[in-house]
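Please find below my notes on the model, set out as numbered points. They begin with the packing of the interior and then turn to charged residues.

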Amino acid sequence: MLQETTVNQLQYLLKTLRDGQKGFADAAAHATDPALADLLRRRSGQRAEFEEAVRQRIIDLGAQPFEHSTLGAALHRAWLNVRDAVAGRGDYAVVSECQRGEDIAVQKYADVLSEMDMPADLRAFIQHQFAAVKASQQELADLKQKLKAQQ
């Protein structure tokens, strides 16, 4: 039962990471500031790396990783908002929607860490990714405030 729960929670993170990777890539394509576009592309790449690491953990546990994203889920909707909000609304809108996506991703990591009894190595693995997602969330919040002040 523990292994099944572990796999389900990793699948949950896998979908979260997939949505984030796609969302950041889409946001980067719409950013007007080259430095912001570069930051968002790096975040997309980070999420792709995290996704692959989670996929491998799932495979190591003898399960098949989900191959779809979280259609209908809150995170997916948040990232769809990135796509919709960025069209002609500027970098502030891009950063604002990315931060909203990160807020949800942080909550999903926190949920997994609080709900799951897991081996220490897996907890450390998830906590490492969680720390990076939280740092990204804070960086985007700071950038959002900076952009707002410039408006």
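1. In this predicted model, the largest nonpolar core comprises 19 residues, and those with the most contacts inside it are L10, V54, I58, Y109, L122, I126 and V133. Two or more residues of this core come from each of helix 1 (2–30), helix 2 (34–60), helix 4 (91–115) and helix 5 (120–150). Apart from it lies another core, of 14 residues, which includes L36, A37, V95 and L140.

2. I126, one of the residues with the most contacts inside the largest core, is a useful place to look at the packing in detail. When residues up to four places away in sequence are not counted, I126 touches L10, L13, Y109, V112, L113 and M118; of these partners, L10 and Y109 are also listed among the residues with the most contacts inside that core.

3. A37, which belongs to the other core, is found in helix 2 and is buried, its relative accessible area being 6%. Residues up to four places away in sequence aside, A37 touches A28 and A31. The C-alpha atoms of A37 and V94 are separated by 9.8 Å, although the two residues are 57 residues apart along the chain.

4. As to the overall architecture, the chain has five helices and zero strands, so that the order of elements from the N terminus on, given the way helices and strands are assigned, reads α-α-α-α-α. Of the 151 residues in the chain, 46% are buried. Among contacts with a separation of 6 or more, 76% are between residues 24 or more positions apart. The chain exposes about 7700 Å², of which carbon and sulfur atoms supply 51%.

5. How many salt bridges are there in the model? The count comes to seven, and three of them are taken up here and in the next two points. E51 forms a salt bridge with R18, with 3.0 Å between the closest N and O atoms. Because E51 lies in helix 2 and R18 in helix 1, this pair ties together parts that are 33 residues apart in sequence. Both E51 and R18 are buried.

6. E102 deserves a paragraph of its own. The place of E102 is in helix 4, and at 1% relative accessibility E102 counts as buried. E102 forms a salt bridge with R47, the closest N and O atoms being 2.8 Å apart; since E102 lies in helix 4 and R47 in helix 2, the pair ties together parts that are 55 residues apart in sequence. R47 also counts as buried, at 2% relative accessibility. In addition, the side chain of E102 is joined to that of S136 by a polar contact of 2.7 Å. Not counting residues up to four places away in sequence, E102 touches F24, R47, V133, S136, Q137 and L140. The C-alpha atoms of E102 and Q138 lie 9.0 Å apart in space, while the two residues are 36 residues apart in sequence.

7. The pair E52 and R55 is local in sequence, for these residues are three residues apart in helix 2 and hence separated by about one helical turn. Their side chains meet in a salt bridge, at 3.5 Å from N to O. Is E52 buried or partly exposed? E52 is partly exposed, with a relative accessible area of 43%, whereas R55, at 18% relative accessibility, counts as buried because the cut-off for that class is under 20%.

8. I would ask that D91 be inspected with some care. The place of D91 is in helix 4, and D91 is buried yet has no salt bridge. Which side chain of opposite charge is the nearest to D91, and how far away is it? The residue in question is K146, and the distance is 11 Å, whereas a salt bridge requires a nitrogen of Lys or Arg within 4 Å of a carboxyl oxygen. The side chain of D91 does, however, reach the backbone nitrogen of T32 at 2.7 Å. With neighbours within four places in sequence left aside, D91 is in contact with H30, A31, T32, D33, L36 and L147; among these, L36 is a member of the core of 14 residues.

Key. Residues numbered from 1 in each chain as written. Predicted model: local features only at pLDDT ≥ 70, side-chain atom pairs only at ≥ 80, totals over all residues. Heavy atoms only, no water. Core = buried A, V, L, I, M, F, W, Y, C linked by side-chain atoms within 4.5 Å. Buried < 20%, exposed > 50% of the residue type's maximum accessible area, 1.4 Å probe, protein only. Helix = DSSP H or I, 4+ residues; strand = E, 2+ residues; numbered from the N terminus. Contact = heavy atoms within 4.5 Å. Lys, Arg positive; Asp, Glu negative; His and termini not counted. Polar contact = N/O pair within 3.5 Å; in protein donor to acceptor, adjacent residues only side chain to side chain. Areas by Shrake-Rupley, 256 points an atom, 1.4 Å probe, with all protein chains shown as cover.
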